[in-house]
Amino acid sequence: MSTKSSSERESMAMNARSWDLHASRYAGGGSDSETFDFGDPLFPTDEQLGMVGQVQGKRVLEVGSGACACGIALARKGATVTCVDVSQEQLRRGTVNAQKAGVEVRTLLGDAYDLGSPGEEQFDLVVAIASFQYVPDLARALAAAFQILRPGGRIIFSIPHPIMEVFDASVLSVEDGADPRYSYRGPVQWKWEPDDEFEFVTYRRTVADIINQVVGEGFQVQRVEELMPLKQEPDWTDVEREIRTRYPSFLVVQAIKG
């Protein structure tokens with residue numbers, strides 16, 4: 001198992017505990033485990049974007065799977081799926097969800113740094129949907145994914161768009177006290193609901209940081225998408241509606257191991 005700094009261990013332990021506590025309330029975040037979305041069903045799904053492609057008979061690893069909604073959607077299409085997450089409660093719910101869906105997924109308690117060693121299990125596809133923002137060192141997570149992918153294997157991940165994170169810090173979620181500069185790189189500690197007694201920690205990066213780290217770990221970028229909502233939430237304020245319909249909320253990257 002790879003070593004971690006004390007700050008990495010602390011943030012991962014915080015997120016694991018918070019996701020355990022938040023799991024029942026989150027309940028998949030709106031994803032229905034039938035359609036592969038990239039973090040929120042308000043936005044274009046893979047049905048519209050066509051990034052994942054044919055997965056029948058493919059070995060897929062979902063990193064930061066939560067309750068395995070995306071993994072289950074791929075298992076429905078014939079993939080052999082392994083879901084990895086730091087939250088035991090989320091994985092438990094993923095197992096239950098898979099049983100209800102009539103498919104099998106394997107669940108493993110772990111983090112994005114420890115996905116296996118070269119020569120061990122090899123995968124055709126790694127997906128990480130709205131999960132890499134919880135990882136302190138993105139390059140290290142990408143390196144872990146690279147080593148367990150077969151040659152020609154792909155990674156597809158989505159992450160909150162760095163532009164929208166600036167608006168979160170400066171307008172939409174000022175209570176978190178996050179740095180509003182686009183150039184800020186580092187952690188943001190926040191609560192899902194103001195009265196929660198538990199917190200999450202996520203990490204900010206620029207678009208250049210993300211793409212350069214993908215390339216730096218040996219991947220070849222095939223496609224990048226910036227997702228705008230296809231519809232609006234009824235509880236958005238006028239300000240939030242204006243921001244979310246003008247600027248992308250998610251960045252999606254597809255890359256291949258050469």
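This passage describes the surroundings of one strand and the packing of two helices in a predicted model.

Strand β1 spans residues 59-63, and four of its five residues are buried, that is, under 20% relative accessible area. The strand is therefore largely enclosed by the rest of the structure. Strand β1 pairs with two other strands, β2 and β4. With strand β2, formed by residues 80-85, the pairing is parallel and extends over five bridges. Within this pairing, V60 has V81 of β2 as its bridge partner. The connection between β1 and β2 runs through helix α3, which comprises residues 69-75. The resulting β-α-β crossover is right-handed.

The pairing of β1 with strand β4, residues 123-129, is also in the parallel sense and involves three bridges. Here E62 is matched with V127 of β4 as its bridge partner.

Packing between helices was examined for α5 and α7. Two packed helices are described by the angle between their axes and the distance between the axes. Helix α5 covers residues 138-148 and helix α7 covers residues 207-216. Their axes lie 9 Å apart, and the packing angle is about 35 degrees. The crossing of α5 and α7 is right-handed. On the α5 side, the contact is formed by L138, A139 and L142, while α7 contributes I210, Q213 and V214. Of the residues in this contact, five are nonpolar and one is polar, and none is charged.

Notes:
Residues numbered from 1 in each chain as written. Predicted model: local features only at pLDDT ≥ 70, side-chain atom pairs only at ≥ 80, totals over all residues. Heavy atoms only, no water. Buried < 20%, exposed > 50% of the residue type's maximum accessible area, 1.4 Å probe, protein only. Pairing = 2+ DSSP bridges. Right-handed = clockwise from strand over helix to strand, strands pointing away. Axes fitted to C-alpha atoms, helices over the stretch in contact; angles between N-to-C directions. Left-handed = near helix turned anticlockwise from the far one by under 90°. Contact = heavy atoms within 4.5 Å. Nonpolar A, V, L, I, M, F, W, Y, C, P; charged D, E, K, R; others polar.
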